[in-house]
Amino acid sequence: MVGAGLHALVTAPLVVALVAFHRPEWHPLTDLAQTEMRVRDVGTADSPLVGLAGRIGPWTDPGSHPGPLSFWAMAPVHRLLGGTALAFSAAGLVLHLVAFALVLRIAHRRGGIPLMAGVAAACALLVRAYGAVVFLEPWNPFLPVVWWLAFVLAAWSVVEDGSHLVVAVVAGSFCAQTHLPYLGTVGVGIGALIAVCGYRIVTGSPEERRRRIVALATAGLVGLVLWLPPLIDQVADTHNLGRIRGSLQHPTEPAAGLVDGAREVVDRFGFDYWLSASDGAEVAASSTRTPGGILVLGLWLAAAVACWSGRVGPPSLRRFHAVLAAGVVLAFVSSSRISGERWFYLYFSVMGLAVLCLLATGWTVAAVVAERTRRPGVRRAAVVAPVALAALLSLSAAVAAPSVEPADRGRAEALGILADDTAAALRRADGGTGRYLVRWEDPVGIGAQGMGLVNELERAGLTVGIEEGHRVAGTAHRVMAPGEATAVVVLAVGPAIDGWEDQGARRVALVDPRTAAERDEQEARTARLDATFRAAGDDAAVERWWRNLFVAPLDPDLPPAARAEVMAYLDLPAPAAVFLLPT
């Protein structure tokens, strides 16, 4: 009952935020739309075998994240709640709630109510640090954040007495399949746990030997079942695991290296910055918080040294410090090997390690106080203090919950209007019985609303398809040849809107969220950008920049003045329109 109460204390603000998140109705964009389409595919002849498309290999033909476990796990709740966008968001939240329950359960097994209270405080801190959006948008970098905690605590439990090995395999597989950066860390961790079990089998008592062998066999069987889909794909379909291996062995961009990689890890230990940020995207946007990170790491290292050298606290605390030390070392190694842009979401696992290090530090301090004072009230304080902290953090999250908004509310709302108007137009044209090929030209959002439109029309019961070039992102079975379509649906965004009606297209939907002042500003910026582009490059470069403004700032040939102008242009809302083309 205490565990249930702590679980409710940590997660109640997220349930409240779920309601606010969908007022008005939310519509998934880009990766989220791709994810929901795969969740919808579960249980069909086209059930997913691999994860979401990722930055793996060439961008023209990318590989995917290792496995589909997150899609399969979300499918039951998604269908039970009617397959709506709210059901999709709720399905992701349910996975987080299950992971929170596992984390608290393991904590109770290892340290009773005091440790469970401390873990609840750590979880409440993470909820505050990440922001509610991380738990409400089922994006693949967001989904593993609590399962990673479950994996680390389960690994510690395996080291302690061999329990929770199956939980470690399930939680680790979920993390590794859903987001590639976890693959190496989880793989090394599982290998180490197998070695620990093997050592205990050789040196332990007959009873322990039997228990460990059963646990290993069960965990091995569970792991095999969970990894069957990507293994089947490797043998019979896209060979995605092989592509991942090739991408890791031969990266196309330079790696961070030990120094920069270590700095990024240390920065993410700066919990003072977490509390000053409003969501997880802000947390890792800067690498200037090193002093706070050094403080947290220093306190934890001091606690770990004191624990081991002075034999402070129970042996389980020393082993907890050892497991965390292994995790921190792996985090440094993993960070040093990140190639290309070091996006904020690549370091969410480090933030999870940081709160566990804070927990271990607090436990060590409590153990020192208990041993030196030997007062009966210390144990009570060890429960009351973290519960009070969890309540304070939860209250802070609850106050913010009614104002929670999706990361891109404007585009999501516009997508809903475009999808409704487009579906109505298709039903008027042929009763909605045709086959519709969806294309898009989106220089300002890299197709965010395009894939979203495919998802929304599919949700509406229409038969829609995508072009061959989007087969990895939108799945191969949705590819539709132009000759198979009865009509072509074209989504045009921003500068791409002009000219379609001159080609015989019929406009069926238009959303322009700009105010009169924003429209004037965008027209002025358009003229300045065009002049700057033409002064800086030939006609081919100008056309390339205009066709994809979103990635233009990454082009080294773009002048700094033009880069700043593009960024300001992208900050303004963009109109979007849908056209119908006869085949």
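Angles under 35 degrees count as roughly parallel, over 145 as roughly antiparallel, 65 to 115 as roughly perpendicular and the rest as oblique. This is a predicted model: local features need pLDDT of at least 70, side-chain atom pairs count only at pLDDT 80 or more, and totals for chains, interfaces and linings use all residues. Residues are numbered from 1 along each chain as its sequence is written, and side-chain values use heavy atoms, with hydrogens and water left out.

**Exercise 1. Classify how α2 and α19 pack.**

Step 1. Locate the helices. α2 covers residues 30-41; α19 covers residues 448-459. Helices (H or I, at least four residues) and strands (E, at least two) are DSSP runs, numbered from the N terminus.

Step 2. Take the axes. They come within 7 Å and cross at roughly 30 degrees. Axes are lines fitted to C-alpha atoms, for helices over the stretch in contact, and angles run from 0 to 180 degrees between N-to-C directions.

Step 3. Apply the class. α2 and α19 are therefore roughly parallel to each other.

Step 4. Assign the hand. The crossing is left-handed: the near helix is turned anticlockwise from the far one by less than a right angle, whereas clockwise would be right-handed.

**Exercise 2. List the residues of α2 that meet α19.**

Step 1. Use contact, meaning heavy atoms within 4.5 Å.

Step 2. From α2 come T30, A33, Q34, E36, M37 and R40. Their partners in α19 are A448, M451, G452, V454, N455, E458 and R459.

Step 3. Sort by class. The contact holds 5 nonpolar, 4 polar and 4 charged residues. Ala, Val, Leu, Ile, Met, Phe, Trp, Tyr, Cys and Pro count as nonpolar, Asp, Glu, Lys and Arg as charged, and the others, Gly among them, as polar.

**Exercise 3. Trace the salt bridge of E36 and its network.**

Step 1. Apply the criterion: a side-chain nitrogen of Lys or Arg within 4 Å of a carboxyl oxygen of Asp or Glu. The whole structure has 24 salt bridges.

Step 2. E36 pairs with R40, with the closest N and O atoms 3.8 Å apart. The two are 4 residues apart in α2, so about one helical turn separates them.

Step 3. Check burial. E36 has a relative accessible area of 0% and is buried. Buried means under 20%, exposed over 50%, partly exposed in between (1.4 Å probe, protein chains only).

Step 4. Extend the network. Salt bridges link E36, R40, D41, E456, E458, R459 and R478.

**Exercise 4. State the accessibility of the partners in the D512 and R514 salt bridge.**

Step 1. Their side chains meet at 2.9 Å, N to O.

Step 2. D512 is partly exposed at 30%. R514 is buried at 16%.
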